[in-house]
Amino acid sequence: MVGVTPFYLQSPAKLGTIKPTRSWGEGDGLGRQERYRKVCRPLLRAGLEVIPDAVPASAIPHVLGYERERVFGGFLVDYKDPRLVERLNKGWYDLATSAGLLNENREFLLMLPRGTWTAAEDRRRRTMHIWHRVRLLDRWDIRGAGAATFLGIRAGHPGFAMLALDNSVWLLADTYETGAGVYAVRDPALSPGVLRGLEWLTREDVYKDRDFRREVTSWLEHRQQS
């Protein structure tokens, strides 16, 4: 792709039964209507439909500590590129489709706030995000309109994680010193480094989020039993 350069070499299970990990909107105190207004509707304008209560129980709750050899694709677009958002969108879609992020219904998992508040409030709170199942609509602008909501700071400056429904690939969209990009990690739930990282999180409450810590513990226990 013109204007897009590889960067990931230079930069620092089987799908289980689909069931909700919690009732949609549980714990946010305002319910579904408020969540739709503050969270889902802005994402809908970016071309992402949130599907409530449909996250696979097998979804790995967090990805950190993966081995470098699991990184198998990525790109970076310079901030000075006059077609920054356009190239970011195209690069993301090309990587998402080639890596297998999207299923046959164009669905995948996306990290979004646990609670019900606006994107600006979420950035102030700095709380841990959790997976939500989403569907990519025919018309979308994830790296533009999406990055201006919960998927970044502003258009062209994204920051969000994605996961295939079967845990086969994890993607991170982020901003760097000279540009923004995305890279892909293969089979994070099979990574010894990731599993060690999750076990560490059950002992160290680094995110100050008891619900998240409990979910990590539950996922690890379920994995050991299966």
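**Exercise 1. Take stock of the chain: how many helices and strands are there in it?**

*Solution.* Start with the elements: the chain has six helices and 10 strands. Keep in mind that you are looking at a predicted model. Next, turn to burial: of the 226 residues, 50% count as buried. Finish with the surface. Its accessible area comes to about 11,600 Å², and carbon and sulfur atoms hold 50% of that area.

**Exercise 2. Find the strands that pair with β5, and decide whether β5 is enclosed or open.**

*Solution.* Begin with burial. Strand β5 covers residues 129-136, and seven of its eight residues are buried, so the rest of the structure largely encloses this strand. To be counted as buried, a residue must have under 20% relative accessible area.

Now look for partners. Strand β2 (residues 48-51) runs antiparallel to β5, and four bridges join the two. For a pair to locate on your screen, take Val50, whose bridge partner in β5 is Val134.

Strand β4 is also antiparallel to β5, this time with seven bridges. Here you can look for Glu107, which has Arg135 in β5 as its bridge partner.

**Exercise 3. Describe strand β3 and its pairing with β10.**

*Solution.* Check the cover over β3 to begin with: the strand spans residues 71-78, and six of its eight residues are buried. Then count the bridges to β10: there are seven, and the two strands run antiparallel. One position to click on is Gly73, which stands opposite Ala184 in β10.

**Exercise 4. Work out where Arg70 sits and which residues it is in contact with.**

*Solution.* Place the residue: Arg70 belongs to the loop between β2 and β3. Then classify it. Arg70 counts as buried because its relative accessible area is 18%, and the cut-off for buried is under 20%.

Last, list the contacts. With neighbours within four places in sequence set aside, Arg70 is in contact with Ala184, Val185, Arg186, Asp187, Leu190, Ser191 and Pro192. One of these, Asp187, comes back in the next exercise.

**Exercise 5. Compare the backbone at Arg106 and Asp187: what is the phi of each residue?**

*Solution.* Read the angles. Arg106 is not a glycine, yet it has a positive phi of about 65°. Asp187 is not a glycine either, and its phi is also positive, at about 45°.

Then place each residue. Arg106 is in the loop between α2 (84-99) and β4 (107-113). Asp187 is in the loop between β10 (179-186) and α5 (192-203).

Now classify them. Arg106 has a relative accessible area of 23%, so it is partly exposed. Asp187, at 26%, is partly exposed as well.

**Exercise 6. Examine helix α2 and what follows it: how far does the helix reach, and which of its residues are buried?**

*Solution.* Take the length to start. The 16 residues of α2 reach 22 Å from the first C-alpha to the last, close to the 22 Å expected at 1.5 Å a residue.

Next, mark the buried residues of α2: Leu84, Arg87, Leu88, Asn89, Gly91, Trp92, Leu95, Ala96 and Ala99. A rule helps in reading such a list: an α-helix has 3.6 residues a turn, so residues three or four places apart point the same way.

Then step past the end of the helix. Just after α2, Gly100 takes a positive phi of about 90°. A little further on is Asn103, in the loop between α2 and β4. Apart from residues up to four places away in sequence, Asn103 touches Arg133 and Leu165. Asn103 and Leu165 are 62 residues apart along the chain, but their C-alpha atoms are separated by 7.5 Å.

**Exercise 7. Study helix α5: which of its residues are buried, and which nonpolar residues form a patch on the surface?**

*Solution.* Begin with the helix itself: α5 has 12 residues and reaches 17 Å between its first and last C-alpha, close to the 16 Å expected.

Move on to its buried residues, which are Gly193, Val194, Leu195, Gly197, Leu198 and Leu201. What covers them includes α6.

Now turn to the patch. Trp200, Val206 and Tyr207 make up a nonpolar patch on the surface, together offering about 260 Å² of accessible area. Of the patch members, Tyr207 lies in the loop between α5 and α6 (210-225). With 35% relative accessibility, Tyr207 is classed as partly exposed.

Note on methods:
Residues are numbered from 1 along each chain as its sequence is written. This is a predicted model: local features need pLDDT of at least 70, side-chain atom pairs count only at pLDDT 80 or more; totals for chains, interfaces and linings use all residues. Side-chain values use heavy atoms; hydrogens and water are left out. Buried means under 20% relative accessible area, exposed over 50%, partly exposed in between (1.4 Å probe, protein chains only). Patches are made of residues with over 30% relative accessible area and no salt bridge: like charges are joined within 9 Å, nonpolar side chains (Val, Leu, Ile, Met, Phe, Trp, Tyr) within 5 Å. Accessible areas come from the Shrake-Rupley method with a 1.4 Å probe; for residues, only the protein chains shown count as cover. A salt bridge is a side-chain nitrogen of Lys or Arg within 4 Å of a carboxyl oxygen of Asp or Glu. Two strands pair if DSSP finds at least two bridges between them. The expected span of a helix is 1.5 Å times one less than its number of residues. Contact means heavy atoms within 4.5 Å.
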